[in-house]
Amino acid sequence: MIAMKVYNNDTIAAISTAVGEGAIGIVRLSGERAVEIASKILRQNNKTSLSDRRSHSIFLASVVDPEDGSLVDEVLVSIMRAPNTYTREDIVEINCHGGAVALRKTLGLALAAGARIADPGEFTKRAFLNGRIDLTQAEAVIDAIRSRTDAALKAAINQLEGGLSRDIGDIAEDIANVLTQIEAAVDFSDEDIETLPKQHLIETLRGAVNKIDRLVRTAVRGRILKEGVKTAIIGRPNVGKSSLLNALLRRERAIVTPVPGTTRDIIEEMVNVRGIPLILTDTAGIRDSNDEVERIGIEFSRKAIKAADIIICVLDASQEICDEDLALISEIGRDTAVLVLNKTDLPQKISRENLQLPGNFKAVVKVSAISGAGVEALEEEIEKILLDGSVGIAGSTIITNARHEQLLEMALGHVREATALIEADQPEEIVSTVLKESLDCLAEITGEAIGDDILGRIFSQFCIGK
């Protein structure tokens, strides 16, 4: 088990807003001496002492250099007193003008006055160590910051509000109830103590198995929402790959000309398709070429095909299918491929019906990338391919963290093993040990039992100031 408040009671400070010019930049202090340190570098427009200011108030002040009294910036200062703060410590936030010089100068004065620079994620780490949030909620903070779509943000906020913690707690309670019965049977084996029937214990554990399994199955969608889906748009030259990229982006990103081989390098963009972040790669047209630069681009295209999670293969439906098209189709080894018949605004020479396709194509979609016709149908097919059969996001917990997924799978294995042991009338001591292992896995997810090394790795992913 970790100990609460394992750090020194020092006061930390950091710039908590993005680097660069902006209307406002915030220097944040947290710790027992936050108010004391801030008072050394702030001059107020009235005689009220900083220590006399009420909690959760904001007021006008000036940042001054204590050495020479020179003015650094005019600021708004917020004071929030423990325990009703983000870290459960005293917090002072100095809202400067957003220039880098004023922010760095203010931070430097705070450090000179007795604060130390915060480690990455240390404000959130203190919130966890002080018991305001558990580890799943702390990890949700970084997921919320890095969310690329509304769906990813909703998943992060659900976890931040304790959705996963409640689910884990519910599962742990079921397992603990069975463990209590098992241990009672061991401790009072010589006494006439009534325990629950064996079948009741088995049914309770099967219920826990179903709950864990449901969470584990959401991890596929969680990875998609968090990491995005690598999507390669491929085809021979001049079939409309760049036009399709522009149509999906709803803006002109790639150069489009009637000249075959215009795209010679990889173009990569992220697009939100029905809540799914697609990392779109527009590749060079694949064909035999004597042009050295184009050949390099084609080699990049083949690498992009191998790295892609999903492939959009584009054919020009206004022309007869050719050997280059067929050769490219035969190269696709993914079972998540979509065939797009482009240029449907022109007279058609390829139909969906006369195509002989391998089974790895999940859908065939007719599109006019120039007019936008069929683009929504393509997006719908992509959503079906990626999320077919997965748990929806509305009102449910989504596992977006590989650490959580791994620990849940371990807990699932232990609970299944314990169930089988009870069914086989194995000794209670063995069952008890296995159930405790499952509870340890769940406790590691929420942070009730976790090593300092793992904790350090988790919070090292945060930016300084959060």
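**Chain overview, an open sheet and helix 2**

Of the contacts (heavy atoms within 4.5 Å) in the protein chain between residues at least 6 apart in sequence, 68% join residues at least 24 apart. The model is a predicted one, in which local features need pLDDT of at least 70 and side-chain atom pairs count only at pLDDT 80 or more, while totals for chains, interfaces and linings use all residues. Residues are numbered from 1 along each chain as its sequence is written, and side-chain values use heavy atoms, with hydrogens and water left out.

The protein chain holds 15 helices and 13 strands, taken as DSSP runs (H or I over at least four residues for helices, E over at least two for strands) and numbered from the N terminus. Of its 466 residues, 50% are buried; here buried is under 20% relative accessible area, exposed is over 50%, and partly exposed is in between (1.4 Å probe, protein chains only). About 22400 Å² of the protein chain is exposed, with carbon and sulfur atoms supplying 49% of that area (Shrake-Rupley method, 1.4 Å probe; for residues, only the protein chains shown count as cover).

Next comes the sheet. Its 6 strands run in the order 9-10-8-11-12-13, making an open sheet with mixed pairing; two strands count as paired if DSSP finds at least two bridges between them. Strand 9 (267-273) and strand 13 (361-366) sit at the edges with a single partner strand each, so one side of each has no neighbour in the sheet. From one strand to the next, the twist averages 25 degrees. Strand 8 (residues 229-234) pairs with strand 11 (residues 310-316) in the parallel sense, over 4 bridges, and A232 stands opposite I311 in strand 11.

Two helices lie across strands of this set. Helix 8 (residues 219-227) lies across strand 8 and strand 10 (276-282), at about 60 degrees to strand 10. Helix 11 (residues 323-331) lies across strand 8, strand 11 and strand 13, at about 170 degrees to strand 11. Axes are lines fitted to C-alpha atoms, for helices over the stretch in contact, and angles run from 0 to 180 degrees between N-to-C directions.

Helix 2 (residues 100-112) has 13 residues, which at 1.5 Å a residue should span 18 Å, and its end C-alpha atoms are indeed 18 Å apart; the expected span is 1.5 Å times one less than the number of residues. A102, L103, T106, L107, L109 and A110 are its buried residues. Viewed down the helix axis, these fall within an arc of 160 degrees, so they line one face of helix 2 (the arc is that of the directions from the axis to the C-beta atoms). V101, R104 and A112 are exposed on the other side. Just after helix 2, G114 adopts a positive phi of about 130 degrees.
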